[in-house]
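Trainee: Could you take me through one part of this model slowly, as you would at the bench? I would like to see how the strands sit and what holds on to them.

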Amino acid sequence: VKTCLENIRLDNLVSKKTISEYNAKGSKEKSKIVLTPEKIIEFEDVNLDFLNRFNKYLTTAQYKTSVDGKEAWLNYKKNYIAKQIKLCKQFIDASIVQGYVRGFSHKSVKASWEDVDSIFTNFNEIQNLVNLPLSNNMERTRDLYVFNCFLGLRYSDLKAVEKNHFKREKINGKMVILFDGRAQKTDEKIEFIVHPSAVHILEKYNHELPKMSEQKYNLNLKEIGKKAGFTGMERIRETRGSKKGFYNI
């Protein structure tokens with residue numbers, strides 16, 4: 001919500017003057033400010049025209065970020081836009097059912113998904129990480145990352161992993177470790193045999209994996225990657241706004 005308020009122009013919810021004054025402030029000052037809309041969207045404002053304008057806004061709006069240590073403005077990714085439109089439609093449908101919004105069809109408002117290029121750590125790079133001498137805090141982050149290379153969980157699911165998610169079972173005469181859990185986002189059951197390399201890390205921590213915030217995890221990973229020599233740039237193909245191109249990550 002805060003990101004949207006920083007940049008939003010839709011229906012002039014926040015004036016350009018307010019946005020300009022906000023963006024002129026430093027990070028510490030911004031963290032103390034609570035941006036609030038200067039106009040409230042009423043339920044009677046929600047119609048097909050509103051949804052079309054929201055879709056158009058998302059394809060042209062930009063957000064401020066850091067690229068290679070430099071400030072940059074980027075358009076939103078196509079899949080992010082599709083997600084926001086989908087959520088908005090779900091909200092509208094629920095509001096129509098409750099009688100808050102007059103019924104209308106929004107099938108004409110389309111925001112499609114696209115397949116994106118995947119960037120992954122290969123086995124040689126994983127081994128380089130395993131061999132890397134690190135401090136205790138960085139070592140725990142490295143172990144979490146390497147462990148998840150063999151599980152492929154979202155971080156929200158990774159940090160929720162507990163002892164009771166693992167069980168020993170004999171399959172075809174061989175004793176293995178099974179992961180038995182559920183994805184928090186979809187509530188789908190997840191069950192698979194854990195790779196021996198991941199089992200080794202699991203046993204290192206007596207089945208109690210280290211806990212840390214996602215922000216700390218990501219910051220540590222960046223430092224670990226630099227120490228491991230992962231400094232090359234990768235280029236991926238994706239659509240931002242309405243423009244398809246290649247972007248360095």
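Mentor: Happy to; here is a walk through the strands, then the salt bridges around them, the core and a few remaining spots. Please keep in mind that this is a predicted model.

Let's begin with strand S3, residues 166-171. S3 pairs with strand S4 (residues 174-182) in the antiparallel sense, over 6 bridges. If you want a spot to fix your eye on, find Arg168, which stands opposite Ile177 in S4. S3 and S4 form a hairpin with 2 residues between the strands, and there Asn172 takes a positive phi near 55°.

Now follow the chain onward from S4. Its other partner here is strand S5, residues 189-193; S4 and S5 run antiparallel and are joined by 5 bridges. A good landmark for this pairing is Leu178, whose bridge partner in S5 is Ile193. S4 and S5 also make a hairpin, this one with 6 residues between the strands. Asp187 sits in that turn, in the loop between S4 and S5. Asp187 is not a glycine, yet its phi is positive, about 65°. Its relative accessibility is 52%, and the cut-off for exposed is over 50%, so Asp187 counts as exposed.

The charged side chains come next. The model has 10 salt bridges by the rule used here, and three of them are worth a look. In one, the side chains of Lys189 and Asp180 meet, with 2.5 Å from N to O. Lys189 is exposed at 52% relative accessibility, whereas Asp180 is partly exposed at 22%.

Another salt bridge brings us back to Arg168, which pairs with Glu203; their closest N and O atoms are 3.8 Å apart. Arg168 belongs to S3 and Glu203 to helix H9, so this pair ties together parts that are 35 residues apart in sequence. How exposed are the two ends? Arg168 counts as exposed, at 56% relative accessibility, and Glu203 as partly exposed, at 43%. So Arg168 is a residue to remember on two counts: it stands opposite Ile177 in S4, and its side chain forms a salt bridge with Glu203.

Helix H9 has another charged residue to show you. Lys204 forms a salt bridge with Glu139, and their closest N and O atoms are 2.5 Å apart. This pair links distant parts of the chain, since Lys204 lies in H9 (residues 196-204) and Glu139 in helix H7 (residues 136-149), 65 residues apart. Lys204 is partly exposed, with 43% relative accessibility. Glu139 is partly exposed too, with a relative accessible area of 21%; the cut-off for buried is under 20%, so Glu139 stays out of that class. The pair does not stand alone either: salt bridges that share partners join Glu139, Arg142, Asp143 and Lys204 into one network.

What lies behind these charges? The largest nonpolar core has 27 residues, and those with the most contacts inside it are Leu144, Phe147, Leu151, Phe166, Phe179 and Val194. The elements that give two or more residues to this core are H6, H7, helix H8 (155-158), S4, H9 and helix H10 (214-227). H9 gives the largest share, 4 residues. That fits a broad pattern: in soluble globular proteins, nonpolar side chains tend to be buried together. H9 therefore appears in both parts of our tour, with Glu203 in a salt bridge to S3 and with 4 residues in the core.

Past H9 the chain enters the loop between H9 and H10, where you will find Asn206. Asn206 has a positive phi of about 55°, although it is not a glycine.

Two last stops. A search of the whole structure finds 0 disulfides. As for individual cysteines, Cys88 is buried, with a relative accessible area of 13%, while Cys149 is partly exposed at 31%. On the surface, Phe43, Phe91 and Tyr100 make a nonpolar patch of about 330 Å². Tyr100 is in the loop between helix H5 (78-97) and helix H6 (123-131).

Methods: Residues numbered from 1 in each chain as written. Predicted model: local features only at pLDDT ≥ 70, side-chain atom pairs only at ≥ 80, totals over all residues. Heavy atoms only, no water. Salt bridge = Lys/Arg side-chain N within 4 Å of Asp/Glu carboxyl O. Buried < 20%, exposed > 50% of the residue type's maximum accessible area, 1.4 Å probe, protein only. Disulfide = S-S within 2.5 Å. Patch = residues over 30% accessible without salt bridge, like charges linked within 9 Å, V, L, I, M, F, W, Y side chains within 5 Å. Areas by Shrake-Rupley, 256 points an atom, 1.4 Å probe, with all protein chains shown as cover. Pairing = 2+ DSSP bridges. Core = buried A, V, L, I, M, F, W, Y, C linked by side-chain atoms within 4.5 Å.
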